[in-house]
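Visitor: I should like a close look at a single part of this model, namely its largest cavity. Please set out what encloses it, and then place it beside some other local features.

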Amino acid sequence: MSGHTPVLGIRALNRATLARQLLLDRADLPVPDAVAHLGGMQAQEPQEPFVGLWSRLRAFRPPSLSDRLTDRRLVRTHLMRRTVHLVTADDVLAWRSRHDAMLRQKVLGTYRRELTGVDLAELAAAGREVMSDGEPRSMGELARAVAGRWPAPGPRALGEMLAAALIPMAQLPPRGLWRTRAGARYLPLSDWLGRDVDPPSPPGTDPVGRALVRRYLTAFGPAASADLRAWCGLAGLPAAVAAVREELVVFRDERGRELLDLPDAPRPDPGTPAPVRFLPAFDNAILGYHDRSRVIDDAHRGLSVAGARVVLVDGRVAATWNEDADTVTVAPLRPLAEADRAAVEEEGRALASFLSDGRSDRVRVGASPDA
């Protein structure tokens, strides 16, 4: 079979990822449509989605994200991989029940010893009772409100289990608004959005799982099943993949892994030029894969989980960047050709202007290693 299955090289996969992630050409999309297309955006660092959208959308302005958080079309919530994601209200209501078991297991993976002997159903009921007054609370406040009944685990374990797993919660503005520093305060999604989370699907069916497969491939394909799991953290998707397999096309990568994709999704020519792009910390264009080699060299893979902001040159991670005092500073990870350095400086000036509200376009590109 493998001899008759088309093979996609690393550049072909790279260009497909850039196209799906809106990084090959900036898109003319409203912010909620872009977030929906991407299947949500990693958002545990509250300001990072602004850079992620600036790099993906033409004429992006920060209020177009902040306003969608305050009008509740977008929500910050624990979801994929138990990390905070920015998602549409429709998606979180449709997807949250499918993530319940994974979220509980992720929290238990960290706090199993502390939570030994705690009946999670009773803890959830107690937490819901506390939150029934409609008052936003931090994790710590919620944990302290139930700690009299469960004094042993400590507030961190109780708060994480309640707010990140047992009760579907929204992190409320002003957290996540442009240029705003605010602690995380929570309300149940049903209170914040005025709609209940969709109930779990009947046993033996998994329409949400099938939808997640399609949505993942729309934003990340072609990809392997292991990549899908790395994105969402869900272990129970093989049946969903099998259920939609007849809708999909099959490729292999140069290592022989099976890659699945939607038949009509963009797969640009590997020679398509790729512009310089600045990515925020923990961007899903990198974290959304188990095999990240299509975007980042193995030698630099650790940057993707360390919170480094990175610069794509010819579609691949070639530098890290930071911003301070209205100046964007770039640290190359490999030698940059003169034309590439000029392109990095040009995009860096535009980013500096965006981050400083037009006060500055200062950019400083450091010396290349081995140069």
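**The largest cavity and other local features**

Guide: The lining residues of the largest cavity divide into 6 nonpolar, 4 polar and 2 charged. This description rests on a predicted model. The residues that line the largest cavity are Q21, L38, G40, M41, Q42, R56, F220, P280, A281, F282, D283 and N284. Among them is the run P280, A281, F282, D283 and N284. The two charged residues of the lining are R56 and D283, while G40 is counted with the polar group. The volume of the largest cavity is about 80 Å³, and the model contains 4 cavities of 30 Å³ or more.

A second point of interest is H78, which lies in strand β3, spanning residues 74–78. H78 has a relative accessible area of 9% and is therefore classed as buried, the cut-off being under 20%. Leaving aside residues up to four places away in sequence, H78 is in contact with T83, V84, R96, L103, M139, A163, A164, Q171 and Y186.

A third feature involves strands β12 and β13. Strand β12 covers residues 327–332 and strand β13 covers residues 362–365; the two pair in the parallel sense, over 4 bridges. One of the bridge partnerships joins T327 to R362 in β13. Together with helix α14, which comprises residues 338–355, strands β12 and β13 form a β-α-β unit, and this unit is right-handed.

Note on methods:
Residues are numbered from 1 along each chain as its sequence is written. This is a predicted model: local features need pLDDT of at least 70, side-chain atom pairs count only at pLDDT 80 or more; totals for chains, interfaces and linings use all residues. Side-chain values use heavy atoms; hydrogens and water are left out. Two strands pair if DSSP finds at least two bridges between them. A crossover is right-handed if, with the strands pointing away from the viewer, the path from the first strand over the helix to the second runs clockwise. On a 1 Å grid over the protein atoms alone, a cavity is a set of points where a 1.4 Å probe fits but cannot get out, and a pocket is an open set with protein on both sides within 12 Å along at least five of seven lines; lining residues have an atom within 4 Å of a point. Grid points are joined across faces, edges and corners, and a volume is the space filled by probe spheres set on the points. Buried means under 20% relative accessible area, exposed over 50%, partly exposed in between (1.4 Å probe, protein chains only). Contact means heavy atoms within 4.5 Å.
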